[in-house]
Structure formats: structure tokens, C-alpha cells
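Got your viewer open? Let's walk through this one selection at a time.

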Amino acid sequence: MSDAAMKLVVVGAAGRMGQTLIRLVDSMDGVTLHAAVARPGSPFVGKDAGEIAGLGTNGITVGDDPLAAFLHADGVLDFTTPATTNEFAALAGQARIVHVIGTTGCSAEDNAKITAAARHARVVKSGNMGLGVNLLSVLVERAARALDPADWDIEVLEMHHKRKVDAPSGTALLLGEAAAKGRGIDLVSKSVRSRDGHTGPREEGTIGFATLRGGSVVGEHSVIFAGEGETVTMSHSATDRSIFGRGAVKAALWARDKKPGLYSMLDVLGLSSR
Ligand code: NAD
């Protein structure tokens, strides 16, 4: 592996995570900000990336051309939108660089495109880049494996800030996937994503989701195992989005000398069972 600092591009540079990432790349060892890319037409294009992230001038001008930005880069940190991430996955594949994807709300079709791009790029994708939630997902999988579905119902509850646009959150789905894996079931066919009106009794073996939105909440998640006469709740609170950013930078550094492929944060953190 090269000793030179890894040259990273932050896309979605003006976003909440984009600004966080610009600050983190500036403060972390082994990485350097190579370019910053915002949405074409964004008022931030042409501005100094350090200025928009509150760091003071850093000499990197925010651009709107991902191709030019990726050309001599080693990796891209992408917390944007599913459509944008799809486009960037193809470009990162062509450039054969590391693509760290934090974007949530991707459809099955989006994920298929990302998997195709991972034939050439080293992609790390996770609905949550933090250590705590990934550790929690391992514990949830174990609990779900141990608790009989005839006696224990599983519900995933989440709350986020009022500007979040997708639901349930990527983290809620990640935790739901972990519970489904523990039970050996398919989450898509067994999940109840919302309830309203006369729903009838709860169907045994399903995994339910409930979503709250409001204020500036960074991310609250609970997985509730509800039995007869007792409940077990496993939860995580994020109070600062830098935990996701630090995880993303860590993922980029980890993937630098890996073979092309699609990896998760469990792989990065050494928590994977595969
Ligand atoms: P945000 O809306 O503040 O930022 C998204 C940014 O992407 C915006 O600035 C937008 O202009 C930009 N963008 C859109 N199209 C673009 C394009 N074509 N080129 C360049 N930039 C473009 O949202 P956010 O809170 O920063 O979250 C972004 C995503 O990351 C969401 O999907 C969110 O759920 C996810 N997220 C994931 C994690 C994780 O750990 N995986 C943590 C936090 C947020």
C-alpha cells in the first residue's frame, strides 16, 4: 500500500454530511482533500470548500464535474442521493477508485447498478458508517437467532431530523436485515413498513418498522424484542454526525488495497461473519 496520503473527493460537498466530511478529511491522518463536488447549479459551485465547511480557505474550489474530480483521485466519499450515487458508482468504476457510499434510500434497482460498478471499483456501502450501530447489528442478529419467533415480536423504531427524505432510515433497514438474518428469513417479504387504520392483529414472524421525524435529531434507533410479560430493547443514539464521517474515511483507507468488490462496514470493522 502507498504511504502517500489518500486523495479523497467529497461529493455532495455542501450537504450536512459533505461539510462534516470536508472538516474530517482536514483533521484526519493519511487522507487529503483532492476535490469537492456539489450539485450542478448549486450556489456553492465556485466557492472555496474550506469556507463552506467553516474551516477557512483551503484552496479547493467546489466544482460540479465529477469526472474531472475523480480523474487523479484515490477515492470518493459519497453521501448524496440514490440517483447521484448510481451515476458516481459508474464513474468510480471507470476510474477504478474506492467509492464509499453512505447514501440511503437506494432501491433494489439502484443496488443492482452499484453491485455492477463494484466489479471494477472497491465499494464500501452501509446504511450506517458508525461503529456503534454496526456492533449493535451483530448483537441484534444474535438475539434474533436466540429468540423464538412464536414468542418474540421484533419492532424497529427510529427518529431523525425533520429534513430527512427517506423512511425507514438506512440504519433501521440495516438493523432489520440483521434481525432477519438471525431468524433466517427474507426481510423484504416479512417486513411491515407502516401501519394505519384497522390493521388486524400482528402477523407472527414479521419485523415491524416505525418512523418518527422532527427537529435536529441526528439518529435514534431501537430494536425492540417484545415477548409475553417482558421486552428487551437494544438501542443506539447518535449525537454528532462526525461518527459517520470518521467511519467513511476509515472505510476509504481500509478499501485502498482491497480487490474490487462490494464491502460493508462490518468488513471494515472486522465484525463480519463471512
Ligand atoms: P443533504 O441533503 O444535507 O446533502 C446531500 C447533498 O448532496 C446536497 O448538498 C445535494 O445538493 C447534494 N447532491 C445532490 N445531487 C448531487 C449531484 N448530482 N452532485 C453533487 N452533489 C449532489 O443530506 P445529508 O444529511 O448530508 O445526507 C445525505 C445522505 O447520506 C442521505 O441519504 C442520508 O440518509 C445519508 N446518511 C448516511 C449516513 C451513514 O452513516 N450511512 C449517515 C448520515 C446520512
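**Stop 1: the annotated span**

Start by selecting residues 6-129, where UniProt, in an unreviewed entry, places the feature "domain: Dihydrodipicolinate reductase N-terminal". Keep in mind as you go that this is a predicted model. Put a distance between the end C-alpha atoms of residues 6-129 and you should get 19 Å. Colour that span by secondary structure: 36% is helix and 22% is strand.

**Stop 2: two domains**

Now colour by domain. The domain assignment gives domain 1 as 6-125 + 241-269, and domain 2 as 131-238. So how far apart do the C-alpha centres of domain 1 and domain 2 lie? They are 28 Å apart. Where the two meet, 9 residues of domain 1 are in contact with 12 residues of domain 2.

**Stop 3: the core around Leu77**

Next, show side chains for Leu77 and Val100. In the largest nonpolar core, which has 35 residues, these two touch the most other members. Elements giving two or more residues to this core include β1 (6-11), α1 (16-27), β2 (31-37) and β5 (98-101). Add α9 (242-255) to the selection as well: the largest share of the core, 6 residues, comes from α9.

Zoom in on Leu77 itself. Setting aside neighbours within four places in sequence, Leu77 is in contact with Leu8, Val9, Val10, Val11, Leu21, Val25 and Val100, and also with Ala248, Val249 and Ala252.

There's a second, separate core to find, too. It has 21 residues, among them Val140, Leu147, Ala172 and Leu187.

**Stop 4: the open sheet**

Switch to cartoon view and look for an open sheet of 5 strands with mixed pairing, in the order β8-β9-β7-β10-β11. At its edges sit β8 (191-192) and β11 (230-238), each pairing on one side only. Inside the sheet, pick out β7 (residues 153-160) and β10 (residues 219-227), which pair in the antiparallel sense over 7 bridges. For a handy marker, select Glu158 and look across to β10: His221 stands opposite.

**Stop 5: the helix across the sheet**

Select helix α6, residues 131-146. This helix lies across β7, β10 and β11, and runs at about 165° to β11.

Finish with Ser137, which you'll find in α6. Is Ser137 buried or exposed? Its relative accessibility is 4%, so Ser137 counts as buried. Show what surrounds it: not counting residues up to four places away in sequence, Ser137 touches Leu174, Leu175, Ala178 and Leu266.

Key
Residues are numbered from 1 along each chain as its sequence is written. This is a predicted model: local features need pLDDT of at least 70, side-chain atom pairs count only at pLDDT 80 or more; totals for chains, interfaces and linings use all residues. Side-chain values use heavy atoms; hydrogens and water are left out. UniProt positions are given in the numbering used here, feature names are shortened, and annotations may be inferred rather than shown by experiment. Helices (H or I, at least four residues) and strands (E, at least two) are DSSP runs, numbered from the N terminus. Two strands pair if DSSP finds at least two bridges between them. Contact means heavy atoms within 4.5 Å. Axes are lines fitted to C-alpha atoms, for helices over the stretch in contact, and angles run from 0 to 180 degrees between N-to-C directions. A nonpolar core is a set of buried Ala, Val, Leu, Ile, Met, Phe, Trp, Tyr and Cys residues joined through side-chain atoms within 4.5 Å. Buried means under 20% relative accessible area, exposed over 50%, partly exposed in between (1.4 Å probe, protein chains only). Domain bounds come from an automatic or database domain assignment.
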